[in-house]
Structure formats: C-alpha cells, structure tokens
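Here's a quick briefing for anyone meeting this structure for the first time. Have a look at the model, then read on for the main points.

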Amino acid sequence: IKDSFRHSQQLALIKTPTVKLDDGTFGLNTECRFFTDDIPYGVLIARWVGQELGVETPFIDEIIEWAGSIRDEHYLKNGKVDLDYCLGSHSRTGIPPVYGINDVMKILD
C-alpha cells in the first residue's frame with residue numbers, strides 16, 4: 001500500500017485544493033472532496049472499523065480531528081466515533097450504522 005501511494009501516477013495528479021481569497025492570497029478549499037467525501041465516506045469508515053475491532057487509530061483520529069476543526073464537524077467524541085453526530089440530520093457519513101449495520105463482522109469476510 002505504501003509503495004502504491006509513493007509511486008501512483010494518479011495520486012500525483014491530485015493537487016492541494018486551494019481557493020483565491022478576497023485579499024488575493026490562496027487558502028485551503030474546505031469544500032473540496034477531501035473534506036466532503038474522503039473524510040466522512042473513507043477515513044471515518046476506517047476509524048469506525050478500527051474502533052469496533054479494538055484497534056487504535058491515532059493517525060486517523062488526528063486527520064479526522066484536524067479536518068473537523070476546520071469545518072466545525074465533530075465526528076469523534078470522547079475518543080470514539082460520535083454516533084449521535086454521525087447519524088444526525090446535520091451530518092453525512094458512510095459509516096455502516098448509517099445503513100443499519102452495527103456489527104463490524106457483517107462487513108468483514
């Protein structure tokens with residue numbers, strides 16, 4: 001996996017998402033797919049699976065907390081995926097409980 005990230009021609013095409021600000025400088029575009037899709041429909045799913053299997057995910061947690069602080073989203077609470085937030089009407093995520101799957105073993109082979 002690490003090698004595919006380092007040498008992927010497709011990933012090399014993805015540029016840091018920026019937008020031009022009113023003062024003429026550039027800032028991070030927090031409406032890009034990394035924030036709107038990759039976190040709630042990718043990284044957060046991995047975090048939920050790790051949580052359910054008892055696997056610590058400190059780097060994933062750091063990414064989720066960082067992105068959440070930028071967008072005022074609160075996917076984690078007290079060191080766990082905040083199901084109330086993630087299942088609430090104010091949040092869109094792809095974690096299995098959204099689809100009624102609460103047992104991690106039902107999504108693993």
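**A first look**

Arg-47 is found in helix α3, and that's a handy place to start. Keep in mind that this is a predicted model. From Arg-47 we'll move out to the whole fold, then to the rings and the cysteines.

**Around Arg-47**

- Is Arg-47 buried or exposed? With a relative accessibility of 5%, Arg-47 falls under the 20% cut-off, so this residue counts as buried.
- Setting aside neighbours within four places in sequence, the contacts of Arg-47 include Thr-57, Ile-60, Asp-61 and Ile-64.
- Further along the chain, Arg-47 is also in contact with Leu-76, Gly-79, Lys-80 and Val-81.
- Of these partners, Ile-60, Asp-61 and Ile-64 fall in the stretch of helix α4, residues 58-71.

**The overall fold**

- There are 5 helices and 4 strands in the protein.
- Reading from the N terminus, you'll meet them in the order α-α-β-β-α-α-β-β-α.
- If you draw a box around the C-alpha atoms along the principal axes, it comes out at roughly 50 × 35 × 25 Å.
- How much of the contact network in the protein joins residues at least 24 apart? Counting contacts between residues at least 6 apart in sequence, the share is 49%.

**Surface and charge**

- The protein has 109 residues, and 30% of them are buried.
- About 7,800 Å² of the protein is exposed, with carbon and sulfur atoms supplying 54% of that area.
- On the charge side, the protein carries 11 positive and 17 negative side chains.
- The centres of those two sets of charged side chains sit 5 Å apart.

**The aromatic rings**

- Searching the whole structure turns up 4 aromatic pairs.
- One of them joins Phe-34 and Phe-35, whose ring centres are 5.1 Å apart. Their planes meet at 80°, which is over the 60 degrees needed, so the pair is edge-to-face.
- Those two neighbours have unlike surroundings: Phe-35 is buried, at 2% relative accessible area, while Phe-34 counts as partly exposed at 28%.
- Phe-35 also pairs with Trp-66, this time in a tilted arrangement, with 5.6 Å from centre to centre and 40° between the planes.
- Where does that second pair reach? It links distant parts of the chain, since Phe-35 belongs to helix α3 (residues 33-53) and Trp-66 to helix α4 (residues 58-71), 31 residues apart.
- Trp-66 has a relative accessible area of 42%, so it is partly exposed.
- Put together, the ring pairs make a cluster of Phe-34, Phe-35 and Trp-66.

**The cysteines**

- How many disulfides does the structure hold? The count is 0.
- Cys-32 is in no disulfide, and the nearest cysteine sulfur belongs to Cys-86, 19 Å away.
- Why is there no bond between Cys-86 and Cys-32? Their sulfurs would have to lie within 2.5 Å, so at 19 Å they are too far apart.
- Both of these cysteines are buried, Cys-32 at 11% relative accessibility and Cys-86 at 2%.

Terms used
Residues numbered from 1 in each chain as written. Predicted model: local features only at pLDDT ≥ 70, side-chain atom pairs only at ≥ 80, totals over all residues. Heavy atoms only, no water. Helix = DSSP H or I, 4+ residues; strand = E, 2+ residues; numbered from the N terminus. Buried < 20%, exposed > 50% of the residue type's maximum accessible area, 1.4 Å probe, protein only. Contact = heavy atoms within 4.5 Å. Areas by Shrake-Rupley, 256 points an atom, 1.4 Å probe, with all protein chains shown as cover. Lys, Arg positive; Asp, Glu negative; His and termini not counted. Charge placed at Lys NZ, Arg CZ, Asp CG, Glu CD. Phe/Tyr/Trp six-rings, centres within 6.5 Å; stacked < 30°, edge-to-face > 60°.
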